[in-house]
Amino acid sequence: MGVNRDNAARREHALDAEQAVLGSFLIDTGIQQQLFARVRPEDFLSPANRKIYTTARALFRAGEPVDGVTVRDKLGQDYTRPLMELMEITPTSANWEVYAAKMRDQADHQRLRDLAEHVLEQPNLESCRPYVADMSQVLSAGPEADSWTMRQMADDFFNSQDPNVPKPKYITYGLDVLDNGSYTELGDVVIIGGYPSDGKTALALSLAYHMAAEYKVGFFSLETDKRKIRDRLMAHIGQISLGDIKRRRLTDPDWVALAAKGTEMAKRDLIVVQAAGMTAPEIQSVAQAYGFQVILIDYIQLVTPETDRRAPRSEQVAEVSRSFHTFAQRTGTLVVELAQLTRPEKGAWRPPTMQDLKESGQLEQDADMIVLLYRPDPEDKTLDQNETRSLKIGKNKEGRRGTWLLAFDGDRQTFELLGADGKPRRRPSDRKRRKRDEGPVGQVDFWADGGEFRDTPWGQEEANAK
């Protein structure tokens, strides 16, 4: 009887901590980004509490508001009273980390008890070993470590391959060469490197606008005024002349083109933040306050370092890079960093490499994918230096690498892939789209051909891995 009373008391205390965690994110939206990144569903011993948590986290990841009303709408009317009680019994969210730590300790303790029961049920020493290994893992991992035994990893892999389980969701960029050759997820770090005035910001804005259809996106501009960002976006979205925008000489067709995109623009969750002078922690704090799932930083070498200003520049940039890498993994935020490249010696043109990322090799080390954007060889007279760019995927941890030749329309802030004939190529399904001067066009998909890479349906890939 005494043992049963102890178990009941233990579970009651566990439920108190679980309820405090749930109540905290329901009454304070400002902590949701960090809380959902750090609290695991398996830390909830109560199936009902776990269901509330996973439903709320799914809403957050979908970019929808998370509160008592939205969670109740997903779970049903039966949860009206429980959700109200959670918010009533939680006086403050300030101590949510204490509640979460207590809840995790209690969950780990219960796992040990469950594993111990399995050990007692085993017929011999050999069959006990997997459960003892799991117990050791729970004891040694500590409250902040997220680790698996080999058996847990195998079980999770087989479960993930179940055809009835939803397929993994990867971030798309709106460009086939990136979408079909990479597996970017929230929590990754992507670098877009380029020389000044080669189009990094234009490319990043087009990616941000595309991602904002599904995610909450923050564009942190450390160099360009937000009004200039605004004008570039309007030129890209409406496919109208940036020069005409600057000189305030838009025509009736231009206004029609923008009006046609009005509903689409209103649905894009994109916020531009003027970030000149901000440090990495300050940018991260703003990102969490807004609940951004994706942030783009234009550009990374302009982030103000927190280290001693007398420290070598390479150390300062390395600290900033490590800070964002840790932030991405800890909070599950996709971080896209624009970066300057070190200019080659005059008269010695060569395609840039990852080693050309300016001021720190740490940038290369921390990135999951590195994209380089640059002008073609000036000796190649068949290509216009102002209207042509090369897009090179130099690093891709889980996908292909390669180089693609692009047409760049700076006046409309738009990139298109060049075919062997030197003209932009589109997929057959795009042929019916209107010409640019007749109004807005849809997203152009990149295709590729020729060069030292073989022609494929999705782009140029390295013919032979060396």
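Let me start with helix H6, which covers residues 96-121, and please keep in mind throughout that this is a predicted model. At 1.5 Å a residue, the 26 residues of this helix should span 38 Å, and since its end C-alpha atoms are 38 Å apart, the expectation and the model agree. Which residues of H6 are buried? They are Trp96, Tyr99, Ala100, Met103, Arg104, Gln106, Ala107, Asp108, Gln110, Leu112 and Leu115, and I would ask you to remember Arg104 and Asp108 from that list, as we will come back to them.

Stepping back to the whole chain, we have 17 helices and eleven strands, and buried residues make up 46% of the 466 residues. If we take the contacts with a separation of 6 or more, 64% of them join residues that are 24 or more positions apart. The accessible surface of the chain comes to about 24500 Å², and 50% of that area belongs to carbon and sulfur atoms.

Now to the interior. The largest nonpolar core has 38 residues, and within that core Leu178, Leu203, Val217, Leu296 and Leu391 touch the most other members. Helix H10, residues 200-211, supplies the largest share of this core, namely eight residues. There is also a second, separate core of 32 residues, and its members include Ile297, Val303, Ala339 and Leu363. To return to Leu391 for a moment, its contacts beyond the neighbours within four places in sequence are Val177, Leu203, Val371, Leu372, Leu373, Gly402, Thr403, Trp404 and Leu406.

Let me turn to the charged side chains, where the count comes to 18 salt bridges. In one of these, the side chains of Asp43 and Arg40 meet at 2.8 Å, N to O. Are these two partners buried or exposed? Asp43 has 1% relative accessibility and therefore counts as buried, and Arg40, at 16%, also counts as buried because the limit is under 20%.

A second pair is Arg375 and Asp198, whose closest N and O atoms are 2.6 Å apart. Arg375 lies in the loop between strand E6 and strand E7, while Asp198 lies in the loop between strand E1 and H10, so this salt bridge ties together parts that are 177 residues apart in sequence. Asp198 is buried, with a relative accessible area of 3%.

A third pair is Arg249 and Asp244, with the closest N and O atoms 2.6 Å apart. Here Arg249 counts as partly exposed at 47% relative accessibility, whereas Asp244, at 18%, counts as buried. Salt bridges can also share partners, and in this way Arg40, Glu42, Asp43, Arg104 and Asp108 are joined into one network; Arg104 and Asp108 are the two buried residues of H6 that I asked you to remember.

I will finish with a single polar residue, Gln340, which lies in strand E5, residues 334-340. How should we class Gln340, as buried or exposed? At 8% relative accessibility, Gln340 counts as buried, because the cut-off is under 20%. The side chain of Gln340 makes a polar contact with the side chain of Lys200, at 3.4 Å. Leaving aside the neighbours within four places in sequence, Gln340 is in contact with Gly194, Tyr195, Pro196, Lys200, Tyr299, Gln301, Asp356, Leu357 and Lys358.

Methods
Residues numbered from 1 in each chain as written. Predicted model: local features only at pLDDT ≥ 70, side-chain atom pairs only at ≥ 80, totals over all residues. Heavy atoms only, no water. Helix = DSSP H or I, 4+ residues; strand = E, 2+ residues; numbered from the N terminus. Buried < 20%, exposed > 50% of the residue type's maximum accessible area, 1.4 Å probe, protein only. Polar contact = N/O pair within 3.5 Å; in protein donor to acceptor, adjacent residues only side chain to side chain. Contact = heavy atoms within 4.5 Å. Core = buried A, V, L, I, M, F, W, Y, C linked by side-chain atoms within 4.5 Å. Areas by Shrake-Rupley, 256 points an atom, 1.4 Å probe, with all protein chains shown as cover. Expected span 1.5 Å × (residues − 1). Salt bridge = Lys/Arg side-chain N within 4 Å of Asp/Glu carboxyl O.
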